[in-house]
Amino acid sequence: RIDNLTNYPQLKPWIGERSHWESILNLGAGETKVLGGQKRILGRFLFSCHIRDFLTRLNQKMSRLREGVNARTTVHIFAGLAGGTGSGCLIDVIAQIRSNYPKEDCRILVYALLPERYPKAGWKKANYHANGYAALSELNALSVGAYRPHDLNGQGQRLGNLSGPFQGCYVISNENNDSTQFDVQVEL
């Protein structure tokens, strides 16, 4: 896809130069999971590769939920913000849902898990905490209309006014008020 951007117009406006991808493209499969996994643009790219499948499944679920009733639906989105996958695609998930289901018909609630203050050994790579900060900054900009993401399902144009892209965002961590830390792999 990166070598053939003319065939993928939804990628072209935001993907950048191929040279920026060399470090990721030159990794082996196992290495990509470890080293490439905390790059937010990789998370966005992976989501863009499966956007049609995501929308098909979303539409199927929404149809089933609304079958026989004309009720407002609430979509709950859970995302970890430390790695690149969750923090990289969160904005696009919200934007795609909102652009397909208006605010009057669909509420969107986001549950964003911050990077752990004291991550497990081997978890904290170069972008670990920066990913969380960047994702929260994008969420804030999206919520006030200052950020309009590109349409990953269209021709790469920016999405129009998403008017109330989400109704709430719960920012959570792996620590409670007593400073007890929870293992996010096992419990949350």
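Select Cys169 to start: Cys169 is partly exposed, at a relative accessible area of 31%. Buried here means under 20% relative accessible area and exposed over 50%, with partly exposed in between (1.4 Å probe, protein chains only). The model is a predicted one, in which local features need pLDDT of at least 70 and side-chain atom pairs count only at pLDDT 80 or more, while totals for chains, interfaces and linings use all residues. Residues are numbered from 1 along each chain as its sequence is written, and side-chain values use heavy atoms, with hydrogens and water left out.

**Cysteines**

Now select Cys106, which is buried, with a relative accessible area of 0%. Which cysteine sulfur is nearest to that of Cys106? The sulfur of Cys169 is, 16 Å away, and Cys106 is in no disulfide. Cys169 is in no disulfide either; the nearest cysteine sulfur to it, that of Cys89, is 14 Å away. A search of the whole structure finds zero disulfides, a disulfide being a pair of cysteine sulfur atoms within 2.5 Å.

**The sheet**

Show the strands next. Three of them form an open sheet in the order E1-E2-E3, with parallel pairing. Strand E1 (73-80) and strand E3 (168-172) stand at the edges; each has a single partner strand, so one side of each is left without a neighbour in the sheet. From one strand to the next, the twist averages 15 degrees. Helices (H or I, at least four residues) and strands (E, at least two) are DSSP runs, numbered from the N terminus, and two strands pair if DSSP finds at least two bridges between them.

Select strand E2, residues 106-113, together with E3: five bridges join these parallel strands. At Leu113, the bridge partner in E3 is Ile172.

Add helix H5 (residues 51-66), which packs on the sheet and touches E1 and E2. Contact means heavy atoms within 4.5 Å. The direction of H5 makes about 140 degrees with that of E1. Axes are lines fitted to C-alpha atoms, for helices over the stretch in contact, and angles run from 0 to 180 degrees between N-to-C directions.

**Aromatic rings**

How many aromatic pairs are there? The count comes to three. Rings of Phe, Tyr and Trp (its six-membered ring) pair if their centres lie within 6.5 Å; planes under 30 degrees apart count as stacked, over 60 as edge-to-face and the rest as tilted.

Select Phe47 and Phe54. Their ring centres are 5.1 Å apart and their planes stand at 65 degrees, so the pair is edge-to-face. Phe47 is buried at 11% relative accessible area, and Phe54 is partly exposed at 23%.

Move to Tyr111 and Tyr170, with ring centres 5.3 Å apart and planes at 15 degrees; the pair is therefore stacked. It links distant parts of the chain, with Tyr111 in strand E2 and Tyr170 in strand E3, 59 residues apart. Tyr111 counts as buried at 18% relative accessibility, whereas Tyr170 is partly exposed at 45%. Add Phe78: Phe78, Tyr111 and Tyr170 form one aromatic cluster.

**Helix H7**

Finish at helix H7 (residues 128-143). Its 16 residues reach 23 Å from first C-alpha to last, close to the 22 Å expected at 1.5 Å a residue; the expected span is 1.5 Å times one less than the number of residues. Buried residues in H7 include Tyr128, Ala135 and Leu139. Among the elements covering the buried residues of H7 are helix H4 (40-49), helix H6 (84-100) and E3. After H7 comes Gly145, whose phi is positive, near 80 degrees.
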